[in-house]
Amino acid sequence: MMQTFLTLSLLQLLNCRPGNSKADPSEMAKLRLVNGGSRCAGRVEIHYRGQWGTVHDNLWDLSDAAVVCQELGCGTAVSAPRRALFGEGSGPIVTYNVKCSGTEATLRDCKSAQWSHYSNSHSNDAGVICSDHRSPRLTSGDSPCSGRLEIQYGETWGTVCDLDWDLKDANVVCSQLQCGVAVSVPRYAHFGEGTGLVLTDIFECTGNESSLLDCRLFQRTQECSHRNDASVICSGKHGPRLVDGTNRCSGRVEVLHGDQWGTVCDVYFDLEDANVVCEHLQCGTVTSIPGGAHFGKGDGPVWMESYRCRGNETRLWECPVSSWDQFSCSHENDASVICTNRKLLGTSLKCIY
């Protein structure tokens, strides 16, 4: 029975004609774009009948992509990539031979093969890039988490003018790239001048957004050249941040592992460790390390690691680390740091400390 099912589906694909079926109206369907750097670009995935699946790219074109962008509130379609440009998905193929006019409100309104759970290769998963896609990258830096800021708009890359770029904006970039928090925003093409477009948009982020798509945008009126290409230095994939303090240079110590922030136990945290945290965040030197969750309890894990810093390291990940299991440590023991909070040189004029 399974062999017959596979053969029929492949014959339909080779027939290269759009079907006249639509999704079962009694079934809920959700749409998303995956692995493209923002919610407005990536592999097309549909949640249908309790499972996420993909769309085969046979007959896939800009009209189909336009409906996806419209449904997701991502502007207009600029590209309809095929052949799994955004990587191969998993699960079933939900539909294929999609043929939209481009005016449909949702993908399920388009003509296509019957929506179901088909078992075919994911090497032809369909993709979409919408006009609202904004994906950052850092180039020419000394690590994946530092460099000249470049942003992809649709399929076009451009640099950002540093005149209105600040730490709050940079913090969103660092978060989106899973690079911790923003440490510095050097000006005047610190990592070298880029080529191509200098984008005119001014980002007004609060610093808590998960993507640049969520920040307010304004159009710049004054001219800007590559001499003002913005740069970003993040704390890094294993870097620290200070939370719930009176400024960015004081607060509860949290460290990023993967995409999860956790706290550090104050029993094993000393002045040398704290001094490296302050240096890492370009916050001067340590003033004090109040214990007992001085700035409130965290809500993530308490990392079972003890830093053995000498105090002269410039990054927390340069310190030797050992695990602890002799002492039960909870968020009651979350470590805190207060740094001298020196002024950062070479940052945007919007930054005041």
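**Buried contacts, disulfides and ring interactions in the predicted model**

The side chain of Thr95 lies 2.8 Å from the backbone oxygen of Ala113, which it reaches in a polar contact. The model in which this contact appears is a predicted one. Thr95 belongs to strand S5, which spans residues 93-95, and with a relative accessible area of 1% the residue is buried. When neighbours within four places in sequence are left aside, the residues in contact with Thr95 are Thr54, Val55, His56, Ser112, Ala113, Gln114 and Trp115; Ala113, whose backbone oxygen the threonine side chain reaches, is thus also one of the residues in this list.

Two of these residues, Val55 and His56, recur in the surroundings of Ala126, which touches Arg43, Val44, Val55, His56, Asp57, Trp60 and Pro81 once residues up to four places away in sequence are not counted. Ala126 is located in the loop between S5 and strand S6 (127-130), and its relative accessibility of 1% places it among the buried residues. Between the C-alpha atoms of Ala126 and Gly87, which are 39 residues apart along the chain, the separation is 9.8 Å.

Strands S1 (residues 29-38) and S2 (residues 41-48) run antiparallel and are joined by 8 bridges. The connection from S1 to S2 is a hairpin of 2 residues, and within this pairing Lys30 has His47 of S2 as its bridge partner. Val44, which is in contact with Ala126, falls within the residue range of S2.

The cysteine pairs form a further group of features, with a count of 11 disulfides in the model. In one of them, the sulfur atoms of Cys161 and Cys224 are 1.9 Å apart, and the torsion about the S-S bond is about 75°, so this disulfide is right-handed. The link connects distant parts of the chain, with Cys161 in the loop between S9 and H3 and Cys224 in the loop between strand S13 (216-219) and strand S14 (231-234), 63 residues apart. Cys161 is buried, at 1% relative accessibility.

A disulfide with an S to S distance of 2.1 Å joins Cys174 to Cys234, and in this case the value about the S-S bond is -85°, giving a left-handed link. Because Cys174 lies in helix H3 and Cys234 in strand S14, the pair ties together parts of the chain that are 60 residues apart in sequence. Both cysteines, Cys174 and Cys234, are buried.

The disulfide of Cys205 and Cys215, with sulfur atoms 2.2 Å apart, has a torsion of about 110° about its S-S bond and is therefore right-handed. Cys205 and Cys215 both lie in the loop between S12 and S13, so that the parts tied together are 10 residues apart in sequence. Cys205 is buried, with a relative accessible area of 6%, and Cys215 is likewise buried, with a relative accessible area of 6%.

Aromatic rings contribute 3 pairs to the structure. One of them is formed by Trp165 and Phe203 in an edge-to-face arrangement, with 6.0 Å from centre to centre and 90° between the planes. This pair also links distant parts of the chain, since Trp165 is placed in the loop between strand S9 (156-160) and helix H3 (167-176) and Phe203 in strand S12 (residues 201-204), 38 residues apart. Trp165 and Phe203 are both buried. Charged groups are also found over rings: the charged end of Arg137 sits over the ring of Trp157 at 3.7 Å from its centre, and the charged end of Arg241 sits over the ring of Trp261 at 4.0 Å from its centre.

Helix H4 (residues 271-280) has Asp273, Ala274, Val276, Val277, Cys278 and His280 as its buried residues. The cover over these residues includes strands S10 (182-184), S15 (240-244), S18 (286-288), S19 (306-307) and S21 (336-339). Arg241, the arginine placed over the ring of Trp261, falls within the residue range of S15. At the start of H4, a side-chain oxygen of Asp270 reaches to within 3.2 Å of the backbone nitrogen of Glu272, whereas just after the helix Gln282 adopts a positive phi of about 55°.

Terms used:
Residues are numbered from 1 along each chain as its sequence is written. This is a predicted model: local features need pLDDT of at least 70, side-chain atom pairs count only at pLDDT 80 or more; totals for chains, interfaces and linings use all residues. Side-chain values use heavy atoms; hydrogens and water are left out. Rings of Phe, Tyr and Trp (its six-membered ring) pair if their centres lie within 6.5 Å; planes under 30 degrees apart count as stacked, over 60 as edge-to-face and the rest as tilted. Helices (H or I, at least four residues) and strands (E, at least two) are DSSP runs, numbered from the N terminus. Buried means under 20% relative accessible area, exposed over 50%, partly exposed in between (1.4 Å probe, protein chains only). A charge sits over a ring if NZ of Lys or CZ of Arg is within 6 Å of the ring centre and within 35 degrees of the ring normal. A polar contact is a pair of N or O atoms within 3.5 Å; within protein, one must be able to donate a hydrogen and the other to accept it, and residues adjacent in sequence count only if both atoms are side-chain atoms. Contact means heavy atoms within 4.5 Å. Two strands pair if DSSP finds at least two bridges between them. A disulfide is a pair of cysteine sulfur atoms within 2.5 Å.
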